[in-house]
Each structure stands twice: as C-alpha cells, then as structure tokens.
Amino acid sequence: MTTPAPLACDVLVVGLGPAGASAARAAAAAGLRVVAVDRRAVAGLPVQCAEFVPLSLGSEVDDLAASVVQPIEAMDTYLEDAAARRDALPGWIIDRARFDARLAEAAARAGADCRFATALTALAADGTATLADGTWLAPKAIVGADGPRSLVGRTVGRENTVFAHTRQVTVPLLVPHRATDIWLSAGMPGGYAWLFPKGDVANVGLGVAADHRRHLPALLDGLLAMLAREGRIAWDVQATTGGLIPSGGPLAPHARLGAVDVLLAGDACGLTNPVTGAGIASAVVSGRMAGEAVAARLAGDADACADWVDEVEALFARALARATRRRADLMATFATRRPDPDDLARAWIAYDAYWRDDTPSASPDRPQGVAA
C-alpha cells in the first residue's frame, strides 16, 4: 500500500487563539503556505478569561474597537477589609469570542488555511504532524500556540508545571462601573478575586493555586453573595467558565524537531503574567513575532529564530521574572503562615512594595499609572 503524500505546508500553527491567529496571519502575509488548526469548533469559545486588554493593544490589532464592549478607567484594589484604593489603569473590556473570531478571519484573509474542530494528535521526532482527521503534514516550521497544556510544548520538552485554577460567572451588573475590581485575601492562596464590568453584565470570578482549587465554588459563592448584598449585581448566572493560568514564568521559546524549527507563543510559552493572569496582549504580540520569525527563517535568515528569542526576552522577561518571584515568595509564605496585608501587597501590582527591590521603581516594566 502506498503511503499518502503529506499535505503541502510551510508552517503549521497549532492553536487559533490570539497567539496562533496572529502567527498564522504574519506567516501567511509573508507568502508562506500556512495550515492553522484548533481543536475548538468555534473561535474564542468557550471564553475562559475576564476579557480585559490594555490600551496598547490597539496599536497591535486592526480595528480593536469592533470587539470593545466598554472602556475601563482604573483599577480598584481591596486588600482584606481595607477600603479600596484606586489606580489609573485604563484599558478595554472586549467581547473575547468576537475578538478571537476577528483575528482568525484576518489570518484567513491573509491566506492561512484555518481549520477549526481539527486537533493535532501527534508530532514525530522529525517534525511531521498528524491531525485527528488523518491528515499528515510535513511542515518546515511549527508555531505552538495551543495553550497552557501545549502538546507542541510537551513534545519539545517545554511544559508549564505551575498553574492557577480559575472559576468565573457572568451576571447582571446593576450599577454601571468603569473600573476593574480586585480583591486580595489570605483566603485565596495564589490568586485573587475580580469583578470586570462588561456593559450591562459583569465577569465575576477568582483564581487560586492548584492545591486549593477545591475551594473555588465556595469562594465564588461568597463573593457573589457579598456583591448581591451591596446591590451591585443580580445573582442570576448567565454563563460559567474557568480554566488554567500558567503561573510559573516563561519557557524557552525555541526548539527543534529534526530540521524543523518549533516556536512557542502565548500561554504555550508561559507568557501569561503569574500575578495578574494577563495574557491576551502578550499572546498577540508573541504570536505575530513568531510568524514573522518563521517567515524570515524560511526566507534564508539563519539567525531569525535566535533573534526572535532575544526579542521575546527583551520584551517580556523582566516583567515576568518579577511577577514570578513575587508569586513564588507569597506561596512560600502561605506554606509557613497566614500572609498578612503587607505580604499580599508585596505581591500585587498596585502597591509600591511590588516594585521595590533590585529594580528601581521607575523601571520599564512598571505600567503607566500604577503607583503608590
């Protein structure tokens, strides 16, 4: 029996979230034959995030306004029982499903062959890939953008091992709000609670370290009860979601399978902030950069992947190293005693103690507007 020939493909992109769609678009725009696959049936669904993005993402994503639900002006942080402190941290609440769909559509318009409901099932040592529908591909480069439990990453020995587990509901918002609300408490080890307003509704949820995930339902019920008593929300759950947030810091983003370059982006590369959980912007940027890097590499630039690694480190490493240290220090405190408010403050971006160590408080990884 004759072995079927592999599907013609320069680049295989695994995952069509913000990182994968951005990579697929960049590589296809450079004239490469791109196949991009995602096990999900529909782009962006299920939604597994609180849907906040920074203002800066507008310079990276075409027509971001089409996915925006409402503007955000500030962040209100509640530390244990203390009154809220407000910090200027402007951004947008987006419709994440619409956002992801538009990114995938842009990749398709650029020429990428985008396939949903199509899972990668195996990667061989020489970089050949098998899809769930039996399709066999022999790409010249692979971009792994397949999330926290990346099969691509696992195949090349790059695995996220530290996670926060989250649970979130969408409920009616009774009082208009233009800030993101954050609750910090020793009762939520390795995470925090939030309310992110989204027009007439709000995303309300919390995350905790993996060892404490069994407490998520009770903690979320308590948060909802408090907000309902305050008259801020109606306890009428319209949607429920949850997921994993990589919380151990970034992974080495480049590897090889035989002669095939493998680049990781977004959550697959651990580029989610271990403290805040923010990852949409870094996914879009790292994905676009990965697509550009494979295009340059396949055009003959032998240093393209090494240069890309340097760019990823320059852009993300400093801020993520700080966040990784802060979370690790807080979890070490949890292991020995109940953290006090000072411990919690040191592990949250609103407080000066978060930024005060070996790096000056005016360092570039400190967001504009977040100050003591």
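Arg167 touches Trp194, Val204, Gly205, Leu206, Leu216, Pro217, Leu220, Thr241 and Gly242, leaving out residues up to four places away in sequence; a contact here is heavy atoms within 4.5 Å. This is a predicted model, in which local features need pLDDT of at least 70 and side-chain atom pairs count only at pLDDT 80 or more, while totals for chains, interfaces and linings use all residues. Residues are numbered from 1 along each chain as its sequence is written, and side-chain values use heavy atoms, with hydrogens and water left out.

Arg167 itself sits in strand 11 (residues 163-172). Helices (H or I, at least four residues) and strands (E, at least two) are DSSP runs, numbered from the N terminus. With 34% relative accessibility, Arg167 counts as partly exposed; the scale runs from buried (under 20% relative accessible area) through partly exposed (in between) to exposed (over 50%), using a 1.4 Å probe and protein chains only. Between Arg167 and Val275 there are 16 Å in space, C-alpha to C-alpha, and 108 residues in sequence.

As for confidence, pLDDT is the predictor's own score for each residue, from 0 to 100. The protein chain averages 93, and 94% of the residues score at least 70. Over residues 359-364 the pLDDT drops below 50, and this stretch has nine contacts in the model beyond near neighbours in sequence. Residues 367-372 also have a pLDDT below 50, with 18 contacts counted on that basis.

Trp194, one of the residues touched by Arg167, belongs to a well-covered strand. Six of the six residues in strand 13 (residues 193-198) are buried. Ala193, Leu195 and Pro197 point one way, Trp194, Phe196 and Lys198 point the other way, and all are buried. In a regular strand the side chains do alternate between the two faces of the sheet. Strand 13 has partners in strand 12 (residues 179-184), antiparallel over three bridges, and in strand 14 (residues 201-209), antiparallel over six bridges; two strands pair if DSSP finds at least two bridges between them. Leu195 is the bridge partner of Asp181, while Trp194 is matched with Gly205 in strand 14. The hairpin of strands 13 and 14 has two residues between the strands, and there Gly199 takes a positive phi near 70°.

Parallel pairing turns up around strand 10 (residues 141-144). Ala141 and Val143 on one side and Ile142 and Gly144 on the other are all buried, so both faces are covered. Strand 1 (residues 11-14) runs parallel to strand 10, joined by four bridges, and strand 17 (residues 260-264) also pairs with strand 10 in the parallel sense, over four bridges. Val143 is the bridge partner of Val13 and also of Leu263.

The largest nonpolar core has 58 residues, and those with the most contacts inside it are Val11, Leu12, Val34, Leu57, Phe99, Leu120 and Val152. Such a core is a set of buried Ala, Val, Leu, Ile, Met, Phe, Trp, Tyr and Cys residues joined through side-chain atoms within 4.5 Å. Helix 5 (residues 280-298) gives the most to this core, with eight residues. Apart from this core lies another, of 25 residues, among them Ile93, Val275, Ala350 and Tyr354. Leu120 has contacts that include Val14, Arg39, Leu151 and Val152.

Helix lengths can be checked against an expected span of 1.5 Å times one less than the number of residues. For the 19 residues of helix 5 that gives 27 Å, and the end C-alpha atoms are 27 Å apart, which agrees. After helix 5 comes Gly300, with a positive phi near 115°. Helix 6 (residues 304-336), with 33 residues, should span 48 Å; its end C-alpha atoms are 46 Å apart, which agrees. Helix 6 also bends by about 50° at Phe316, the bend being the angle between axes fitted to the seven residues ending there and the seven starting there.

Finally, some loop details. Most residues other than glycine have a negative phi, and most peptide bonds are trans. Asp63, between strand 3 and strand 4, has a positive phi near 50° and is partly exposed at 48% relative accessibility. Glu80, in the loop between strand 4 and strand 5, has a positive phi of about 50°. A cis peptide bond joins Leu45 and Pro46, with omega about 0°.
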